[in-house]
Structures are given as C-alpha cells and as structure tokens.
Amino acid sequence: MALGLIALMVNPDHWSSPLLTPMPVGKDALVRVTTRAEEWHCSLFPDLSDEEIRATHASLRRLLGALGERRG
C-alpha cells in the first residue's frame, strides 16, 4: 500500500476480503523483523533448552485455555 510493503489482490474465495500479498520490499522487511525478534528471544533465557521452552509454552497455552473457558 502506501509503503509498498503489500499489495491487495482479489480473493477468489471471499470477494469482499482482499488477499494481502507481500511485495519484495515487504518480504525483506519481514525477514529483518523476524531475524531480530528471534535473536532477542534467544537472548532472553539462553540457559533454557528448546524442550524446556516448548514445555513452558504448552503449559501456558493450557492455563490460558482454562482461564478462557471459565470466563466464557
């Protein structure tokens, strides 16, 4: 759009909702943001193994799901 990061394309599955398609400059921006975020995430808790992070993530998702069920 204004920054040239994405283009709106016709969505054949839903005519009133266009598809957002990344342009080359948008893809480059996404790679830069993702790379920096990954570096930052890895620096937060360098002593945790991938398995510990996955287990913590799964536990948090279950807790949030349970909270959502109680509210809903």
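User: How many helices and strands does the protein have, and which pattern do they follow along the sequence?

Analyst: This is a predicted model, in which local features need pLDDT of at least 70 and side-chain atom pairs count only at pLDDT 80 or more, while totals for chains, interfaces and linings use all residues. Residues are numbered from 1 along each chain as its sequence is written, and side-chain values use heavy atoms, with hydrogens and water left out. Taking helices (H or I, at least four residues) and strands (E, at least two) as DSSP runs numbered from the N terminus, the protein has two helices and two strands, and the pattern read along the sequence is β-β-α-α.

User: What is the radius of gyration of the protein, set against the globule rule?

Analyst: The radius is taken over C-alpha atoms, and the rule is 2.2 Å times the number of residues to the power 0.38. For 72 residues the rule gives 11 Å, and the protein is well over this and therefore more spread out than a compact globule, with a radius of gyration of 19 Å.

User: Which side chains meet in a salt bridge?

Analyst: A salt bridge requires a side-chain nitrogen of Lys or Arg within 4 Å of a carboxyl oxygen of Asp or Glu, and a search of the whole structure finds one. Its two residues both lie in helix H2 (residues 50-71), three residues apart, about one turn of the helix. With an N to O distance of 3.7 Å, the side chains are those of Arg54 and Glu51.
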